[in-house]
Amino acid sequence: ATGNVGLSLIIGGVLVVIVVFLFLYDFRSAAVSCMAIPLSLLAAVIVLERFGVALNIMALGGLAIAIGVVVDDAVIDVENIVRRLRENAWLIRPRAVGPVVIEACLEVRSAVVYATFAVILVVLPVLALSGIAGRLFAPLGTAYILAVLASLVVALTVTPALAMLFVAGGRLKPDEPPVMRWSKARYRELLLKTAQRP
C-alpha cells in the first residue's frame, strides 16, 4: 500500500511538471517553479519526523494530495516575474533586473499568502476529528498542511532567488506560451457571452 502511494506521489509530480511546463513554456521558468515540489515535500517530511509522525500511508497520502498545491505559489511568483521582465525588456531604457524581480514578487505576495492560509483553513477541521477517524486522518491533514506551509516559505525565499539566478539572466520569449494564448482567447469569448447576460 505504501509503495502504491509512493508511486502515486511520483506520477503526480511528473504530471504537475508537465502541466507547469505547458503553461509556462520555458524550461528555466518551469524548473524554478517545480523546485518547490521536492523542497516543500522534503521540509514537510523533516518536520513530520521531528514531531514523531510516522510516514504511513495516510501521511504519504497527504503529501500526494499536496503536490498540486505546493507548486502553485511558486508558479504565481515565476509567472509574474517573467511578465514583469518581459515588460521591462520592451522599455526604451530597461531597468536593472534585480529591482524588477523584487517588485514582481512583492506584487503577488499578499495574494500568495492569503491563498495559502485559505487552503490550510479548509483542511484544519480534519485535525479536529475525534476517535478512529481522527487517528486515521490526522497524519494526512498534518502532512498536507506542513507541505503547503513549506511551499509558502519556498515561494517567499527560494523561488525569487532562483528566478533571479536562472530566469532573469537569460533570454525571455517575446510572447505568451501557446497554451496561455489559446486559453485566454476561449476565456475572453466566454467572458463576453456571460457579461452580455448578467
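**Exercise 1. Decide whether Ser29 is buried or exposed, and find what surrounds it.**

Step 1. Ser29 has a relative accessibility of 2%, so it counts as buried; the cut-off for buried is under 20%. The values here and below are computed from a predicted model.

Step 2. Ser29 is placed in helix α2, which runs over residues 27-34.

Step 3. Set aside the neighbours within four places in sequence. The contacts of Ser29 are then Leu24, Val78, Val82 and Val167.

**Exercise 2. Treat Ser40 in the way Ser29 was treated: state which helix holds Ser40, and list its contacts beyond four places in sequence.**

Step 1. Ser40 belongs to helix α3, residues 36-50.

Step 2. The relative accessible area of Ser40 is 0%, and the residue is therefore buried.

Step 3. With neighbours within four places left out, Ser40 is in contact with Val70, Ala147, Ala150, Ser151 and Val154.

**Exercise 3. Describe the chain as a whole: its secondary structure, its dimensions and its burial.**

Step 1. Count the elements. The chain has 7 helices and 0 strands, and its pattern along the sequence reads α-α-α-α-α-α-α.

Step 2. Take the dimensions. The C-alpha trace spans about 65 × 45 × 30 Å along its principal axes.

Step 3. Take the burial. The chain has 198 residues, and 36% of them count as buried.

Step 4. Take the surface. About 11,500 Å² is accessible, and carbon and sulfur atoms account for 72% of this area.

Step 5. Look at how far apart in sequence the contacting residues are. Of the contacts between residues at least 6 apart, 78% join residues at least 24 apart.

**Exercise 4. Compare the span of helix α4 with the span expected from its number of residues, and locate its kink.**

Step 1. Helix α4 covers residues 57-90 and has 34 residues.

Step 2. At 1.5 Å a residue, a span of 50 Å is expected. The multiplier is one less than the number of residues.

Step 3. From the first C-alpha to the last, helix α4 reaches 51 Å, which is close to the expected value.

Step 4. The helix nevertheless contains a kink of about 45°, centred on Ala66.

**Exercise 5. Work out how Arg83, Arg84, Glu87 and Glu107 are linked.**

Step 1. A search of the whole structure gives 7 salt bridges. The distance cut-off is 4 Å between a side-chain nitrogen of Lys or Arg and a carboxyl oxygen of Asp or Glu.

Step 2. Glu107 pairs with Arg83, with 3.4 Å between the closest N and O atoms. Glu107 is in helix α5 (residues 97-127) and Arg83 is in helix α4, so this salt bridge ties together parts that are 24 residues apart in sequence.

Step 3. Glu107 also pairs with Arg84, the closest N and O atoms being 2.5 Å apart. This pair again links distant parts of the chain, with Glu107 in helix α5 and Arg84 in helix α4, 23 residues apart.

Step 4. Glu87 forms a salt bridge with Arg84 at 2.7 Å between the closest N and O atoms. Because Glu87 and Arg84 are 3 residues apart in helix α4, about one helical turn separates them. An α-helix has 3.6 residues a turn, so residues three or four places apart point the same way.

Step 5. Put the pairs together: Arg83, Arg84, Glu87 and Glu107 are linked in a network of salt bridges.

Step 6. Check the accessibility of each member:
- Glu107 is partly exposed at 41%.
- Arg83 is partly exposed at 30%.
- Glu87 is partly exposed at 28%.
- Arg84 is partly exposed at 26%.

**Exercise 6. Identify the residues of the nonpolar surface patch that includes Phe23, and give its accessible area.**

Step 1. Phe23 is located in helix α1, residues 2-24.

Step 2. Its relative accessible area is 38%, so Phe23 is partly exposed. This satisfies the patch cut-off of over 30%.

Step 3. The patch consists of Leu7, Ile10, Ile11, Val14, Leu15, Ile18, Val19, Leu22 and Phe23. Together they have about 810 Å² of accessible area.

**Exercise 7. State whether Val122 is buried or exposed, and give the separation of Val122 and Gln196.**

Step 1. Val122 sits in helix α5.

Step 2. Its relative accessibility is 64%, so Val122 counts as exposed; the cut-off for exposed is over 50%.

Step 3. Val122 and Gln196 are 74 residues apart along the chain, and 34 Å separates their C-alpha atoms.

How values were computed: Residues numbered from 1 in each chain as written. Predicted model: local features only at pLDDT ≥ 70, side-chain atom pairs only at ≥ 80, totals over all residues. Heavy atoms only, no water. Patch = residues over 30% accessible without salt bridge, like charges linked within 9 Å, V, L, I, M, F, W, Y side chains within 5 Å. Areas by Shrake-Rupley, 256 points an atom, 1.4 Å probe, with all protein chains shown as cover. Helix = DSSP H or I, 4+ residues; strand = E, 2+ residues; numbered from the N terminus. Buried < 20%, exposed > 50% of the residue type's maximum accessible area, 1.4 Å probe, protein only. Bend = angle between axes of the 7 residues up to and from the residue. Contact = heavy atoms within 4.5 Å.
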